[in-house]
Amino acid sequence: MEFRQEPGRIWAEDQDGKLLAEILFPSREGKASITRTFVDDSLRGQGIAGKLMEAAVEKLRADNMEVRPICSYAKTWFEKHPEEADLLKK
């Protein structure tokens, strides 16, 4: 699956433009909040949400951003990946 990116958003669509997966992380003043992680039912259980998180973390790290996980998936993901805890907003 190929993800597309724009500021504060990483997503994937099918060939018809239907949204299949998305993570939203609006930012302001060097801080980003992960507000939504979505994966279409047809793709659940394939690790897509984790790949979205990895892509977002890579982007946020490259942009030197602090992160505040707001959505439940992002909170759980950071708990399971303590090696990324340096990104968390203090």
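**Notebook: salt bridges**

I began with the charged side chains and found that Glu6, Arg9, Glu22 and Arg36 are linked in a network of salt bridges. I keep in mind throughout that this is a predicted model.

Next I searched the whole structure for such pairs, and the search returned nine salt bridges. I then looked up three of the pairs one by one.

I turned to Arg9 and Glu22, whose side chains form a salt bridge with an N to O distance of 2.6 Å. Because Arg9 belongs to strand S2 (residues 9-13) and Glu22 to strand S3 (residues 19-24), this pair ties together parts that are 13 residues apart in sequence. Are these two residues buried or exposed? I noted a relative accessible area of 18% for Arg9, which is therefore buried, given that the cut-off is under 20%. Glu22 is likewise counted as buried, with a relative accessibility of 6%.

My second pair was Asp41 and Arg44, where the side chains meet in a salt bridge at 3.3 Å, N to O. I looked up the accessibility of each partner and found Asp41 exposed, at a relative accessible area of 60%, and Arg44 exposed too, at 51%.

For the third entry I took Lys59, which forms a salt bridge with Asp63, and I recorded 3.0 Å between the closest N and O atoms. Here Lys59 has a relative accessibility of 29% and counts as partly exposed, while Asp63, at 38%, also counts as partly exposed.

Conventions. Residues numbered from 1 in each chain as written. Predicted model: local features only at pLDDT ≥ 70, side-chain atom pairs only at ≥ 80, totals over all residues. Heavy atoms only, no water. Salt bridge = Lys/Arg side-chain N within 4 Å of Asp/Glu carboxyl O. Helix = DSSP H or I, 4+ residues; strand = E, 2+ residues; numbered from the N terminus. Buried < 20%, exposed > 50% of the residue type's maximum accessible area, 1.4 Å probe, protein only.
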